[in-house]
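Hello,

Here is the structure I said I would pass on. Please open it first, then read my notes below.

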Amino acid sequence: MNDQGSPETPAPDVRLESFYARAIPRMLRIMLVASAVLLVPAFWFYSWAGAIGFAAGAAVSYINFLALARGVEGLAERIVNQHSQEKGRRIVLRFIARYGLVAAVAYAIFKGSAWAFRGFLWGLCVPVAAMMIEAGFEAYAAFRRK
């Protein structure tokens, strides 16, 4: 209780805030590392065509995730700050461009080879692996607290 008789709010843990603020860059790095590591099994199972498809899928996933993060930040800035420089059309265009990119690369690979398309689909799963690893980091940080 403070001097006015109301309960005090706990001070935010600055270390945890800093940890969570770095989550998106950490997930992007995890995606790069996971893509590089998983390229070997993709080559093993699907040969060159599948490895190229996997690399394309992982690259599209990375670009897609980066665009999504920027789009969400821009949208949040526009909602919070009424005088934001972020234009609504640009935000919507980013979201539409993400889907167009995935569709264009998927179509090009699908026309090329079935093995490349299978590799591409596995490459699209790289963000899932990154999110699972990040969830593990965050759970460890949460349970490690005093």
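Read along the sequence, the protein chain runs α-α-α-α-α. That makes five helices and zero strands. Keep in mind that this is a predicted model.

Some totals for the chain come next. It has 146 residues, and 28% of them are buried. About 10,300 Å² of the chain is exposed. Carbon and sulfur atoms supply 69% of that area. Now take the contacts between residues at least 6 apart in sequence. Of these, 70% join residues at least 24 apart.

Helix 2 deserves your time. It covers residues 23-80. What would a straight helix of 58 residues span? At 1.5 Å a residue, it would span 86 Å. Helix 2 spans only 21 Å between its end C-alpha atoms. Look at Tyr46 as well: helix 2 bends there by about 135°.

Next, look at how helix 2 meets helix 5. Helix 5 covers residues 126-144. The axes of the two helices come within 9 Å. They cross at roughly 135°. Helix 2 and helix 5 are therefore oblique to each other.

Many side chains are listed at this meeting place, so here is a selection.

- From helix 2, the residues include Ala23, Met27, Ile30, Ala34, Phe54, Ala58 and Phe65.
- From helix 5, they include Val126, Ala130, Ile133, Phe137 and Glu138.

Two residues of helix 2 are worth finding on your screen.

Start with Ser61, which sits in helix 2. Is Ser61 buried or exposed? Its relative accessible area is 3%. Buried means under 20%, so Ser61 is buried. Leaving out residues up to four places away in sequence, Ser61 touches Met31, Gly123, Leu124 and Pro127. Ser61 and Pro127 also appear among the residues where helix 2 and helix 5 meet.

Then go to Leu28, also placed in helix 2. Its relative accessibility is 10%, and Leu28 counts as buried. Which residues does Leu28 touch, not counting those up to four places away in sequence? They are Tyr62, Phe65 and Leu66. Now find Met131. Leu28 and Met131 are 103 residues apart along the chain. Their C-alpha atoms are separated by 9.7 Å. Met131 belongs to helix 5, and it is among the residues there that meet helix 2.

My suggested viewing order is Tyr46, Ser61, then Leu28.

Best wishes

Conventions. Residues numbered from 1 in each chain as written. Predicted model: local features only at pLDDT ≥ 70, side-chain atom pairs only at ≥ 80, totals over all residues. Heavy atoms only, no water. Helix = DSSP H or I, 4+ residues; strand = E, 2+ residues; numbered from the N terminus. Buried < 20%, exposed > 50% of the residue type's maximum accessible area, 1.4 Å probe, protein only. Contact = heavy atoms within 4.5 Å. Areas by Shrake-Rupley, 256 points an atom, 1.4 Å probe, with all protein chains shown as cover. Expected span 1.5 Å × (residues − 1). Bend = angle between axes of the 7 residues up to and from the residue. Axes fitted to C-alpha atoms, helices over the stretch in contact; angles between N-to-C directions. Parallel < 35°, antiparallel > 145°, perpendicular 65-115°, else oblique.
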